[in-house]
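Here's a quick briefing for anyone meeting this structure for the first time. Have a look at the picture, then read on for how some of the helices fit together.

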Amino acid sequence: MDHILSELPMGLGMALAQNMRALECFAAMTPEEQRAVINKTHTIHSKQEMRDYVAGIADQTIL
C-alpha cells in the first residue's frame, strides 16, 4: 500500500482522513481496486463531489 499512498491525490487523502469508514474500506481494497478509485478521482472537480465519492467508498457503492 505504500506505493499506492504515493499516488494518492491530495483531495482524496483529505476526504479519506475525514471519513474513517471509507479509509478502512480503501485500506482493505486490493491494489487494483485502490488504483481504480484513484483513477476515478481525476473526473472529480469539487470538494463536495470528492466527499460524496468517498462516502460511496464507505458504503461500498462505488465499485
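## How the helices pack

Let's start with a pair: helix α2 (residues 10-17) and helix α5 (residues 47-59) have axes that come within 9 Å and cross at roughly 60 degrees. Keep in mind that this is a predicted model. Two numbers do the describing here, since packed helices are characterised by the angle between their axes and the distance between those axes.

**α2 against α5**

- With that crossing angle, α2 and α5 are therefore oblique to each other.
- The crossing of α2 and α5 is right-handed.
- On the α2 side, the contact is made by G11, L12, A15 and L16, and these meet M50, V54 and I57 of α5.
- Sort the residues of this α2–α5 contact by type and you get 6 nonpolar, 1 polar and no charged.

**α3 against α5**

- Helix α5 also packs with α3, at an angle of about 65 degrees and with the axes 7 Å apart.
- This time, for α3 and α5, the crossing is left-handed.
- R21, A22, C25 and F26 are the α3 residues that meet V54, I57 and A58 in α5.
- The tally for the α3–α5 contact is 6 nonpolar, no polar and 1 charged.

**Which way the helices face**

A handy bit of background: an α-helix has 3.6 residues a turn, so residues three or four places apart point the same way.

- In α2, the buried residues are L12, A15 and L16. They sit on the same side of α2, because they cover an arc of only 100 degrees around the axis.
- Those buried α2 residues pack against α3 (20-28), α4 (31-40) and α5.
- In α3, it's A22, C25 and F26 that are buried. Looking down the axis of α3, the buried residues fall within an arc of 100 degrees, so they line one face of the helix.
- Flip to the other side of α3 and you'll find E24 and A28, which are exposed.
- In α4, the buried residues are Q34, V37 and I38. Viewed down the α4 axis, these buried residues stay within an arc of 100 degrees, so they line one face of that helix.

**Residues to find in the viewer**

- Try L12, A15 and L16: they're buried in α2, and they're among the α2 residues that meet α5.
- Then try A22, C25 and F26: they're buried in α3, and they're among the α3 residues that meet α5.
- Over on α5, pick out V54 and I57, which are among the residues that meet α2 and among those that meet α3.

Notes
Residues numbered from 1 in each chain as written. Predicted model: local features only at pLDDT ≥ 70, side-chain atom pairs only at ≥ 80, totals over all residues. Heavy atoms only, no water. Axes fitted to C-alpha atoms, helices over the stretch in contact; angles between N-to-C directions. Helix = DSSP H or I, 4+ residues; strand = E, 2+ residues; numbered from the N terminus. Parallel < 35°, antiparallel > 145°, perpendicular 65-115°, else oblique. Left-handed = near helix turned anticlockwise from the far one by under 90°. Contact = heavy atoms within 4.5 Å. Nonpolar A, V, L, I, M, F, W, Y, C, P; charged D, E, K, R; others polar. Buried < 20%, exposed > 50% of the residue type's maximum accessible area, 1.4 Å probe, protein only. Arc of directions from axis to C-beta.
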